[in-house]
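Student: I have a model open and want to test the labels against the numbers. Shall we go through the helix packing?

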Amino acid sequence: MWRKSVSASYRCFGCTSVGPKGIWGCHAVRTCSAPALPAGQITALQAMDLWKRHFEARGVMEPDHSSHYIIAHLLGAKTIESLEQGKLTEFLSREKTEHLWKLCTRRLSRMPVQYVIEEWDFRDLTLKMRPPVFIPRPETEELVELVLTDLEMKPGTGVGADTQQTCLEVGCGSGAISLSLLKSLPQLKAIALDQSQDAVNLTRENALRLGLQDRLQIHHLDVIKDAETVLSLCGPVSALVSNPPYLFSEDMASLEPEIFRYEDPSALDGGGDGLKVIKQILILAPRILSNHGRVYLEVDPRHPPLIQRWVEANVEELRYVETQHDITGRPRFCILQKREVKQGP
């Protein structure tokens, strides 16, 4: 699939990263001026080559991928490779040519391709995308796999299971994590929270499009400001999963234009040590999780030892289980478990 080809350092088109929300290098943004709309006819292949060269000249990152995905989308496909043979050499209609120029001009302004074409694939789902809602990245697909592996081993979640299990996602963005879990586990229910109304609206829209709305509760809540409401609405759950804001605040200044111009900074900035939201999640977790329930976090590679030490000192009801590495070998995921609460006589 496409996500394998754009690989490990990918976050969104144009972002050169040390980690998914780690440290981006900032590239100079050159003046954006689109090439003139051709007076005559042009084939898709000619247009793709023209825009690739124009993206390169204007310093747009990943110019080949950018032009390929936009052209494929224009022609009703996911990728260039999946197009019917001969489609690229056909002349574009005037309407399609004008639409292509509009889409590519957006990319020229450093708008991520996901926002330009207004959709993106996450695992086996196609999700609607629009700014400023955070764009899901491939590392988060790995987080979903970790959660699925554990939930599939628990009674009540697999195909044909009778007992209901519930998962809570904090910071749902487009709904990628919750909807992937629901699609894979037919008996699972989920609760999704986000402090952004835009994110809540997009998650709801994606759930409706995928027919998963009946098993998903969506709430517009801030896990810090609305902590008591979160506790009253969201427990008990078997799993709490989050790809929270975890950038160190000092790293926000080095974000690529694709990030700082279009994505919600509150979905990225985790405070001075990147742990502001993470600590709040871990404080609330023992009161939300059922016995032996687990927390699954995507974090900055610098975070796992910091989180382990902080939890051991501050949240005795949680046990740090393990750190899992992402496909690039970086420590990326933290798994914690609630200790069993003994009931009195």
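Tutor: α6 and α7 are oblique to each other, because their angle falls in none of the named ranges (under 35 degrees roughly parallel, over 145 roughly antiparallel, 65 to 115 roughly perpendicular). The model is predicted, with local features needing pLDDT of at least 70, side-chain atom pairs 80 or more, and totals using all residues. Numbering runs from 1 along each chain, and side-chain values use heavy atoms, without hydrogens or water.

Student: At what angle do the axes of α6 and α7 cross?

Tutor: Roughly 40°, for helix α6 (residues 138-153) and helix α7 (residues 176-184). Their axes come within 10 Å. The crossing is right-handed.

Student: Which residues make that contact?

Tutor: With contact meaning heavy atoms within 4.5 Å, α6 gives T140, L143, V144, V147 and L148. From α7 come I177, S180, L181 and S184. Six of the contact residues are nonpolar, three polar and none charged.

Student: Why are α2 and α4 called roughly parallel?

Tutor: Helix α2 (residues 44-57) and helix α4 (residues 94-108) pack at about 20°. That angle meets the cut-off already given, so the pair is roughly parallel. Their axes lie 11 Å apart, and this crossing is right-handed.

Student: What makes up the contact of α2 with α4, by class?

Tutor: A47, L50, W51, H54 and F55 in α2 meet L100, W101, C104, T105, R107 and L108 in α4. Eight are nonpolar, two polar and one charged.

Student: How many residues of the protein count as buried?

Tutor: Of 345 residues, 54% do, where buried means under 20% relative accessible area with a 1.4 Å probe.

Definitions and conventions: Axes fitted to C-alpha atoms, helices over the stretch in contact; angles between N-to-C directions. Helix = DSSP H or I, 4+ residues; strand = E, 2+ residues; numbered from the N terminus. Left-handed = near helix turned anticlockwise from the far one by under 90°. Nonpolar A, V, L, I, M, F, W, Y, C, P; charged D, E, K, R; others polar. Buried < 20%, exposed > 50% of the residue type's maximum accessible area, 1.4 Å probe, protein only.
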